[in-house]
Amino acid sequence: MNKNELIQKHQSKLDKKYKNLVEQAYNLRQTDHALSDISEYRAIKLLGKLNKLKYLSRDQSPSAI
């Protein structure tokens, strides 16, 4: 497995976790505001990691010049 494949695999894993946290935050919004905020905070942190991985995978791709 090369670096790009590893980055994409990790990115898809984090993306799935991010979507679950966003859904959890949305579902808890009406019943428990504190837990909703915690889930939303964790989702925002994961989004930052996803953006970094997206940037890294962009750097690894061969450029066609």
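The exercises below, each with a worked solution, concern a predicted model of one protein chain.

**Exercise 1. Overall make-up**

Determine how many helices and strands the protein chain has, and what share of its residues is buried.

Solution. The secondary structure amounts to two helices and zero strands. Of the 65 residues in the chain, 20% are buried, while the accessible surface comes to about 5500 Å², with 54% of that area belonging to carbon and sulfur atoms. Turning to contacts with a separation of 6 or more, one finds that 62% are made by residues 24 or more positions apart.

**Exercise 2. The nonpolar core**

Identify the residues of the largest nonpolar core and state which helix supplies the largest share.

Solution. The largest nonpolar core consists of seven residues, namely Ile-7, Leu-14, Leu-21, Ala-43, Leu-46, Leu-50 and Leu-53. Helix H1 (3-28) and helix H2 (33-60) each contribute at least two residues to this core, and the largest share, four residues, is supplied by H2. As a general background, nonpolar side chains in soluble globular proteins tend to be buried together. One core member can be followed further: once neighbours within four places in sequence are set aside, Ala-43 is in contact with Tyr-18, Leu-21 and Val-22.

**Exercise 3. A salt bridge in helix H1**

Locate the salt bridge between Lys-19 and Asp-15, and decide for each residue whether it is exposed or partly exposed.

Solution. The search of the whole structure returns two salt bridges. In one of them the side chains of Lys-19 and Asp-15 meet, at 3.5 Å from N to O. Because these residues lie four apart in helix H1, Lys-19 and Asp-15 are separated by about one helical turn. Lys-19 has a relative accessible area of 52% and is therefore exposed, the cut-off being over 50%, whereas Asp-15, at 28%, counts as partly exposed.

**Exercise 4. The surroundings of Glu-40**

Work out which residue forms a salt bridge with Glu-40, and which parts of the chain the pair links.

Solution. Glu-40 forms a salt bridge with Arg-29, the closest N and O atoms being 3.8 Å apart. The pair links distant parts of the chain, since Glu-40 belongs to helix H2 and Arg-29 to the loop between H1 and H2, 11 residues apart. Glu-40 is partly exposed at 36% relative accessibility, and Arg-29 is likewise partly exposed, at 37%. Leaving aside neighbours within four places in sequence, Glu-40 is in contact with Ala-25 as well as Arg-29. Finally, Glu-40 and Glu-23, 17 residues apart in sequence, have C-alpha atoms 9.1 Å apart in space.

Terms used
Residues numbered from 1 in each chain as written. Predicted model: local features only at pLDDT ≥ 70, side-chain atom pairs only at ≥ 80, totals over all residues. Heavy atoms only, no water. Core = buried A, V, L, I, M, F, W, Y, C linked by side-chain atoms within 4.5 Å. Buried < 20%, exposed > 50% of the residue type's maximum accessible area, 1.4 Å probe, protein only. Contact = heavy atoms within 4.5 Å. Areas by Shrake-Rupley, 256 points an atom, 1.4 Å probe, with all protein chains shown as cover. Salt bridge = Lys/Arg side-chain N within 4 Å of Asp/Glu carboxyl O.
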